[in-house]
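User: I would like to go through this model step by step. Please keep the answers short and show the reasoning.

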Amino acid sequence: MSPDVILNRMEVKRLEADALSKEQIHENVNSPKHYSSGEIECIDAMIHCFGIEEVQIYAKIAAFKYLWRSKHKHNSDAEDLAKAEFYIRFANGNDPRDKS
């Protein structure tokens, strides 16, 4: 097998891994399984208990936390930056989970 074929196969595998990583990051950010109890997500229960304004304040604090530690938690800061973006959007009244 030629070096070009080997490199092409390696590139395909890398691209496949990147796609899986991006899909996993999206899932981990927008609707992580460990933040749900049945059909109810934690953030929705928080809104019910504390009201949207209080949860938007929490979202600003959570975004700060994810930005603060983004370089220190994983090999890549992509997931923490995506989580920070999620919370910033939520704090601004734009729920990233909405499909519209």
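User: Does Leu81 count as buried, partly exposed or exposed, and what is its relative accessibility?

Analyst: This is a predicted model. Leu81 is found in helix H4, residues 78-91. Buried means under 20% relative accessible area and exposed means over 50%. Leu81 falls in between, so the class is partly exposed, at 35%.

User: Which residues make a nonpolar surface patch with Leu81, and what is the patch area?

Analyst: Patch residues need over 30% relative accessible area. Leu81 has 35%. Its partners in the nonpolar patch are Leu67 and Ile88, and the area is about 230 Å².

User: What fold pattern does the protein chain follow along the sequence?

Analyst: The protein chain has four helices and two strands. Read along the sequence, their order is α-β-β-α-α-α.

User: How far apart are the end C-alpha atoms of H4, and what span should its 14 residues have?

Analyst: The expected span is 1.5 Å times one less than the number of residues. For the 14 residues of H4, that gives 20 Å. The end C-alpha atoms agree with this, being apart by 20 Å.

User: Which residues of H4 are buried, and over what arc around the axis do they lie?

Analyst: The buried residues of H4 are Glu79, Asp80, Lys83, Ala84, Phe86, Tyr87, Phe90 and Ala91. They sit on the same side of H4, because the arc they cover around the axis is only 155°.

User: What is the relative accessibility of Tyr87 in helix H4?

Analyst: Tyr87 has its place in helix H4. The cut-off for buried is under 20%. Tyr87 counts as buried, so the class fits its value of 8%.

User: What distance separates the C-alpha atoms of Tyr87 and Gln56?

Analyst: Tyr87 belongs to helix H4. Along the chain, Gln56 and Tyr87 are 31 residues apart. In space, their C-alpha atoms are separated by 8.2 Å.

User: How far apart in space are Lys60 and Ala91, C-alpha to C-alpha?

Analyst: Lys60 is found in helix H3, residues 52-73. Ala91 is one of the buried residues of H4. The two are 31 residues apart in sequence. C-alpha to C-alpha, the distance is 5.9 Å.

User: Is Lys60 buried or exposed, and what is its relative accessible area?

Analyst: Exposed means over 50% relative accessible area. Lys60 is above that cut-off, so it is exposed, at 53%.

User: Why are Lys83 and Glu79 separated by about one helical turn, and what N to O distance does their salt bridge have?

Analyst: The two residues are four apart in helix H4, which means a separation of about one helical turn. Both Lys83 and Glu79 are buried. Their side chains meet in a salt bridge, with an N to O distance of 3.3 Å.

User: Where does the chain take a positive phi just after H4, and what is the angle?

Analyst: Helix H4 covers residues 78-91. Just after it, the residue with a positive phi is Gly93, at about 85°.

User: How close are the N and O atoms in the salt bridge of Arg97 with Asp95?

Analyst: Asp95 is found in the segment after H4. Asp95 is buried, with a relative accessible area of 15%. Arg97 counts as buried too, at 14% relative accessibility. In their salt bridge, the closest N and O atoms are apart by 2.7 Å.

User: Which residue of helix H2 meets Arg97 in a salt bridge?

Analyst: The side chains meet at 2.9 Å, N to O, in the salt bridge of Arg97 with Asp44. This pair links distant parts of the chain: helix H2 (residues 42-50) and the segment after H4, 53 residues apart. The H2 partner is partly exposed, with a relative accessible area of 33%. The residue asked for is Asp44.

User: Which residues are linked in a network of salt bridges?

Analyst: Side chains of opposite charge can pair when their charged atoms come close. The count here comes to five salt bridges. Arg97 pairs with Asp44 and with Asp95. The network links Glu41, Asp44, Asp95 and Arg97.

User: What share of the 100 residues in the protein chain is buried?

Analyst: Buried means under 20% relative accessible area. Tyr87 is one example, at 8%. Across the 100 residues of the protein chain, the buried share is 25%.

Key: Residues are numbered from 1 along each chain as its sequence is written. This is a predicted model: local features need pLDDT of at least 70, side-chain atom pairs count only at pLDDT 80 or more; totals for chains, interfaces and linings use all residues. Side-chain values use heavy atoms; hydrogens and water are left out. Patches are made of residues with over 30% relative accessible area and no salt bridge: like charges are joined within 9 Å, nonpolar side chains (Val, Leu, Ile, Met, Phe, Trp, Tyr) within 5 Å. Accessible areas come from the Shrake-Rupley method with a 1.4 Å probe; for residues, only the protein chains shown count as cover. A salt bridge is a side-chain nitrogen of Lys or Arg within 4 Å of a carboxyl oxygen of Asp or Glu. Buried means under 20% relative accessible area, exposed over 50%, partly exposed in between (1.4 Å probe, protein chains only). The arc is that of the directions from the helix axis to the C-beta atoms.
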